[in-house]
Structures are given as C-alpha cells and as structure tokens.
Amino acid sequence: MKKEEKMKWGEHSAIFRRAVKMLFRLDRAFALCTIFNAFFGSVIQYVPIYFSAKLIDAIWTGAAKREIFFYIALTVGLTFLLNLLLTLCRVVENIKIANLYRESEWMYSKKEMEMEYSCIERREIVLLLERSRMESQTGYNLYYLYTSVRMLVQYITVIAASISLTASFFGVKAVPGSMKLALVAGLLATVLYGIYSTAKEEAINQEFWKQCVNLNILAEKYGICISDYSMGMDIRLYGMDEKIAGESLKTDMEFYGDYIKKDRKRLFLSIPSVVLSHLLRFGVYMILIMAVMKGTVSVGSIAKYVACIMLLLDAVSGLVSTFQRVFANNYYLKRFFSYFDIKNSMYQGSLTVEKRLDNEYYVEFKDVSFRYPDTQEYALNHVNVKFKVGEKLAVVGMNGSGKTTFIKLLCRLYDPTEGEILLNGVDIRKYDYDEYMSIFSVVFQDFTLFSFTVGQNVAAAKEYDRERARKVLERAGFGERLATMSAGTDTYLYKDYSEQGVEISGGEAQKIALARALYKDAPFIVLDEPTAALDPVSEYEVYSKFNELSGERTAIYISHRLASCRFCDNIVVFDAGRIVQYGTHKALLEEEGGKYHELWNAQAQYYVSGKEERAQSAQ
Ligand code: ADP
C-alpha cells in the first residue's frame, strides 16, 4: 500500500472540525449528550474527594457530631444523587449511539445509491468504499471521533479541576521549596514518561488496527463465500469447503497472533509507568505527612491532594493519547471524506424532457466513442446513428461488438468519452438526469430481481397497482406461473425475506424483468437479449408479440440471433465497436460481403447443419 502523505496542522484541524460538525449533523442530541456526560462525569469525581477531606478534617479537629453527620450525608447523598443522574444520562447516550450508527450506515447507503453508475464499477472507488467501510467497522472514523471528543472534554475538565484543587498546596509555607520542586520534578518525569509510553502504545495500537482492516476485509470476503447460499452448490460440487475454511481460519489465526504480539509490547511499556506513578504517590504522601506533622496542612487535605495529583497524572497521559488518536483518526477521516466528496457529474443538467404530443422525438449518436473506466480499449468507436421515436430498431453483432455498451450510453449509465448523444437536437447531458432516465424501460441481460414480492419487482416500488402488475406479467408470458402462486403478485421471490418465498427459473426471471419494463410504460423500451434464458416456445411468443408488447413505443432490440430481428424497421450492425451497416433486413441481406450477410449465412449454415445432423441421426 502507498505510504500516506504526512498531514500538516492546518489540515488536521480542518478535518477534525469538519468531522465534529458531521457528528452534530448526524445526531445533535447525541453529540450534546456525550459532551455533557464527559464534563459532568469528570466533575462528579471531585465531589467525594472534596467533601471527604472536609469530613476527615471535621473528625480530626473533634467537630460536633451534627457537623460530622452533615458531611457524611453530603458526601454520600450528593455522590449518590449525582451518580444517579449521570447513569440516566449515560443510558440516554447509549440509546442514542444506535441512532448515530444507523444514520452513518444510511449515509453510506445513500451515497452508494446516488453515485453515478460509472463510478460504482471503478476499481479505485470500489476499493475506497470497501476500505472506508471496513475502517469504520474497525473503529476508525465515527467511533474514534466521538470517543475522542468525549475524552478531550473529560481530560481537560479533570486537568482543570485537579490543578485548581491542588494549587493551594504550593502556597503552604511549611513545605520547603526544595520539596515542592522535587514534587514538580517527579510529576514532570511521570508525565513525560507517560507521554512517551502512551505515544508508543498508541503507535502499536494504530499499527495493529491498520493491519486489522486488511484482515477484516479478507475475513469478510471468506465469510460471504461461506454464508451465501448461491455459492453453496459450487462449493459442494468442487469440494472447495476445505480451501475456503482453511483460508478463513488462517486469517483468524493471523489476527490473534498479531493481537497477542501487540499486547506483549504494550505490557513492557506500561510497567515503568506504573512504577513511576507509585513512586510519585509515595513521595506525595511523605511530603504531605511531614507537613501534617508540622501542623501546616490538615489531614483531610492529604487524601484530597493525593487523589487530585493521581487524577491529574492519568488525565495528562490520557490527553496525550487522545490527541494521538485524533491525529491518527484524521488520516482515516480524510479517506472517509474523500469517498463522500466524489461528485456525481450526471446531475449537472436541468432541462426537462419535452413532452411532445406528435411523438416526434429522435435520438442521434454523433461521432460517439467510449472507453470503460480503467480500460484503454475503446468499446465504441466513432458511432454515428439517428433514429426516430416509434421505430423498431434491432441492434445486432457478435459478442463483445459493443451492442450493450451502445444501450448503456443511450440510457446515460455512462457518458461518451468523445462525441455526443442528442435527443431532439439537445445533448442528453443537458437534461435533468432523473427525468431523462424516466423515458427508458430497459431489460439488460444481467438484470436483477430482488427478494421482494413479484409485484414489487414488477412495479419497482413498495406500493403498486396489483391489477396492472398482473396484466403485464400475463403479457410477458408469466401468467401460468403466476396462477400457481398462492399469494399471486404478493408472493415473495427467493427466501431472503420470507420463508414462503419461491425459487424461479432463469426463463421465469426474464419474464418478470420483461413485465417490469412493460409496467414502467416509458416511451423507449430496450430489450437486451430478452430471450436468452427462455425456452423455444416462450422465445417464439416474445418474438411474435414483440410489436404488440412495444406498441407505439420506440423499441430497441438487441440480439445476436438474426432471425429474431427481421421484424424490426431498421437494423444496426455492430462490429468491433463500430457501426458497419444500417438498414432494413432486406437491404442488408442484399449487401453481399457485408457483415450482416456474413452473420446471416453463418447462422443459416448452423441451422442447416443442425437439420442435417438431426436428419442423419433419424436415419
Ligand atoms: P455486446 O453487448 O455486443 O456483447 P458489450 O457492449 O457488452 O458487447 O462489450 C463491448 C466491449 O466492452 C467488450 O470488449 C467488453 O469486454 C467490454 N466491456 C463491456 N462491459 C465492460 C465493463 N463494465 N468494463 C470494461 N469493459 C467492458
């Protein structure tokens, strides 16, 4: 992996401020609650320290019983009440955390859905998302952010409170200056070692968690292989279980191995810290006891000063480690924000698609060339074609010749690398994206059906018109199968969301996808190899009903089976990303030596030889 560039102070501060603003935007109440709890929780610790000192002094000086009981009641009662309140606030904070994570998950989902199509398959973006998500799950980004905010507030409060409660010690005249100096030196040494060891420990932690992200990504991939039932068949047939389980176990063992190594290193670093802080505690006790014996410091103050100094020490090293955590997390937040900052260039247009009563729309590809993201080869090369709405257009060519790419560009799943596509003379990029997309009903070869109900799949919506869904399913040839489904259009597909969900064949799925295109009722209907998974009878039905299915709409029909394209008004022939012929079936067939003629003859030959074979086997 590339080494990260070191960030400057300004950048650290800008990222942290942006992240804190995001925290407030995601859940303002949670952010406020966290800050309040951190402050309140820190201040509460000083209540028993302060009042216990008063209580001990009262006992030591032989104060009246009433006064002693008053301090006992105050120490215990106040601590109890404040802790009760703090517990309640923490419960609220914990409840709110769930909402914070839900909001942040939704942030990812929303971004993924809003991302332009060409981005979701760009390798660097896929990796960026995968990394950022896994880093968030590992604790970076949001979790480290809000824990850092909480700790910053907590440690700063503790430092301020401890300093204000111990300041009076330095004013005690009876304690010699050399002792005060020794105490300050001891404090400094402990704090400095604390800073050093915390820095080291945090660096070890960060290195470990960084490594963890890689292992987590791997583990998740193996986990998907194991749990995704669609892979279950191949795993069993090819005996891949041992390989997958072995790799998965290896990843786990690597994780635990690293974990143990990390803790061992941390242990050695923390021992001197423990020794130093106890030496300091011992020194503080000695100095204070001497002062008490001289009668210049009250007995109660010993407990107060010792407790405050120890809290101060913890808070200083805590503050250092929190700063380190903030700095480390900023690198992750930078990556996190870089994903959310990816712009969607598809949404730059604003024109509305003209609703023409005369239906006189035309589409023109003007010298369009296109390369897929991260590739060098052009999938389309200088494509020029113009067709009218209402026309039935067939797009033919060998596999890989650019037919699907042509449609993807027409539907604005991608924008051309060069050239332009015009709708009624206007570059399609100038139209409002959502409105432009709404004029296409497309069934791609690799369409997706979701594990929702049949009707929801057809309508592509939660609520839908059942009668209309049933009719289009029948028109797409799914009527008989629908009749066997007990819940009709409300029958769930697959078992992900319902135990009663049904499995369907590839051909049935294709019919549902076709019904989805019909339900949308858009002015353009595009079918990319719509019969590939259908049996011959269903295939014949789709061909023969194609004109009826598409009605007045512009229909674009992609197929490599030329026999099925004859009924189209015009045929576009693709070869190696270029349009090599355009015309009617009759005209193209007459162009001897043309690609269409060649393809037609190749397929006819295939059928002829097939017949001959059958004839021979029948003899
Ligand atoms: P056809 O529909 O005629 O079979 P396609 O339009 O799917 O052909 O493919 C045209 C060319 O573009 C092929 O060389 C194919 O490998 C390439 N291609 C298709 N989809 C992608 C993609 N998502 N990324 C990179 N290359 C692609």
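A polar contact is taken here as a pair of N or O atoms within 3.5 Å. In this predicted model, one such pair joins a backbone N or O atom of serine 401 to an oxygen atom of the ligand, at 3.1 Å. Two side chains also approach ligand nitrogen: a polar side-chain atom of glutamate 121 lies 2.9 Å from a nitrogen atom of the ligand, and an N or O atom in the side chain of tyrosine 372 is 3.5 Å from a nitrogen atom of the ligand. The protein buries 63% of the 560 Å² that the ligand exposes when taken alone. The residues around the ligand include Thr375, Ala379, Met398, Lys403 and Thr404. By class, this shell is made up of 7 polar, 3 nonpolar and 2 charged residues.

Side chains of opposite charge can pair when their charged atoms come close. The model holds 27 salt bridges. Arginine 466 and aspartate 490 form one of them, with N and O 3.1 Å apart. Arginine 466 belongs to helix α15 and aspartate 490 to the loop between α16 and α17, so this pair ties together parts that are 24 residues apart in sequence. Arginine 466 is partly exposed, at 40% relative accessibility, and aspartate 490 is partly exposed at 31%.

Helix α15 also contains arginine 470 and glutamate 474, 4 residues apart, a separation of about one helical turn. The closest N and O atoms of their salt bridge are 2.8 Å apart. Arginine 470 is partly exposed at 29% relative accessibility, as is glutamate 474 at 39%. Elsewhere, salt bridges with shared partners link Glu201, Lys262, Asp263 and Arg266 into one network.

Methods:
Residues are numbered from 1 along each chain as its sequence is written. This is a predicted model: local features need pLDDT of at least 70, side-chain atom pairs count only at pLDDT 80 or more; totals for chains, interfaces and linings use all residues. Side-chain values use heavy atoms; hydrogens and water are left out. A residue is near a molecule or strand if one of its heavy atoms lies within 4 Å of it. A polar contact is a pair of N or O atoms within 3.5 Å; within protein, one must be able to donate a hydrogen and the other to accept it, and residues adjacent in sequence count only if both atoms are side-chain atoms. Accessible areas come from the Shrake-Rupley method with a 1.4 Å probe; for residues, only the protein chains shown count as cover. Ala, Val, Leu, Ile, Met, Phe, Trp, Tyr, Cys and Pro count as nonpolar, Asp, Glu, Lys and Arg as charged, and the others, Gly among them, as polar. A salt bridge is a side-chain nitrogen of Lys or Arg within 4 Å of a carboxyl oxygen of Asp or Glu. Helices (H or I, at least four residues) and strands (E, at least two) are DSSP runs, numbered from the N terminus. Buried means under 20% relative accessible area, exposed over 50%, partly exposed in between (1.4 Å probe, protein chains only).
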